[in-house]
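Open your viewer and get your selection tool ready. We will go from an open space to enclosed ones, then to a helix and a single side chain.

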Amino acid sequence: MEIKVAIQGIQGSFHHQVAHRYFGEAIGLDECVTFRDVANSLKNNQSDKAIMAIENSIAGAILPNYALIDSYDLHIIGEHFLDIHMNLMVFPGQTIEEIQEVHSHPIALLQCANFFSQYPHIKLVESSDTAIAAKRIQENQLKGIGALGGPVAAEIYNLEIIANGIHTVKSNKTRFVVLKASNKEIPKELINKASVKFELDDTPGSLATVLNVMNNCKLNLTKIQSLPIIETPFTYAFFVDVVFEKYKHFEKAKKVMEIMTTHFKVLGEYEKSKQ
């Protein structure tokens, strides 16, 4: 049975690439304009699974997506790291001197800022997705406008790549999480990574104490991200990723953290990506 996967963007986007790499070719796509639309697709049963970018090695964490996963009660069931190769693509037969505008997702534009500083005549224009501009160029046979995205987009929409690998830092990876509306997915013996969220009171040293508990329970902290709690000024929620060799170590830490923190929540238990 074909599964339906929600992605932010359209065919040719990096989310599309990850969906195929993670689930294989036999999938249906629910192409969403925004990440909130992705979350709604899962909650409204329009899709079975979803792919959502969560952090990039150049641009950093995508903070709103942490909040979406939490507020929509979504569950992380897996992760995938994708090497991002940014390419400037145009309607065939043009040179870079003829390009007046380049359209792409704001994070993609940020990743290529150094390259475009050499071409001050080019105006950078934000769009909702890395592939949508490529599709528009081909459909309307637009000249003077370029798109920024992966090589798959150039292939799908028959565009010519006139500058490849133009991202500032050549080791450019994005971490994507695989989401589901419920958390029952893989057996405990395969689980070696978890994502949790918690809040703390204003007791001095409370965060250090929680981190010490993780260490004592043989958990390795791989990510910690704080987000302000809007309703309570100057208080924060912490989103933490941990890896471990045995699930029982995480179970032990979970019981202690539930007592030591407020609003403790497991966002996902899954198998870490081998990258």
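Start by selecting α3 (63–71), β12 (193–199), β13 (220–228) and β14 (236–243): each of these supplies at least two residues to the lining of the largest pocket. Helices and strands here are DSSP runs (H or I over at least four residues for a helix, E over at least two for a strand), numbered from the N terminus. This is a predicted model, in which local features need pLDDT of at least 70 and side-chain atom pairs count only at pLDDT 80 or more, while totals for chains, interfaces and linings use all residues. Residues are numbered from 1 along each chain as its sequence is written, and side-chain values use heavy atoms, with hydrogens and water left out.

**The open pocket**

Now show the full lining as sticks: A67, D70, S71, K197, E199, L227, P228, I229, I230, E231, A237 and F239. α3 gives the most, with 3 residues. Colour by class and you should find 7 nonpolar, 1 polar and 4 charged residues; Ala, Val, Leu, Ile, Met, Phe, Trp, Tyr, Cys and Pro count as nonpolar, Asp, Glu, Lys and Arg as charged, and the others, Gly among them, as polar. The pocket has a volume of about 230 Å³.

On a 1 Å grid over the protein atoms alone, a pocket is an open set of points with protein on both sides within 12 Å along at least five of seven lines, whereas a cavity is a set where a 1.4 Å probe fits but cannot get out; lining residues have an atom within 4 Å of a point. Points are joined across faces, edges and corners, and a volume is the space filled by probe spheres set on them.

**Two closed spaces**

How many cavities of 30 Å³ or more does the structure hold? There are 2. For the largest, centre the view on F14, H15, H105, I107 and T130, which lie nearest its centre among 19 lining residues. About 230 Å³ of space lies inside this cavity. Add α1 (14–23), β3 (49–56), α4 (106–111) and β11 (173–180), each supplying at least two lining residues; α4 has the largest share, 3 residues. The lining has 9 nonpolar, 9 polar and 1 charged residues.

The second largest cavity, about 80 Å³, is next. Select its lining, including I54, Y66, R175, S195, D241 and L267. Here β14 gives the most, with 3 residues, and the classes come to 9 nonpolar, 1 polar and 2 charged.

**Helix α2**

Move to α2 (residues 35–43) and pick its buried residues (under 20% relative accessible area, 1.4 Å probe, protein chains only): F35, V38, A39, S41 and L42. They cover an arc of only 155 degrees around the axis, which puts them on the same side of α2; the arc is taken from the directions from the helix axis to the C-beta atoms. Their cover includes β1 (3–8), α1, β2 (27–32), β3, α3 and β11. Just after α2, check N45, where phi is positive at about 60 degrees.

**Last stop: F264**

Select F264 in strand β15 (residues 262–270). Is F264 buried or exposed? F264 is buried, with a relative accessible area of 17%. Leaving out residues up to four places away in sequence, F264 touches V196, K197, F198, K254, M257 and E258, with contact meaning heavy atoms within 4.5 Å. To finish, draw a C-alpha to C-alpha distance from F264 to K254: 8.8 Å in space, for residues 10 apart in sequence.

Terms used: Buried means under 20% relative accessible area, exposed over 50%, partly exposed in between (1.4 Å probe, protein chains only).
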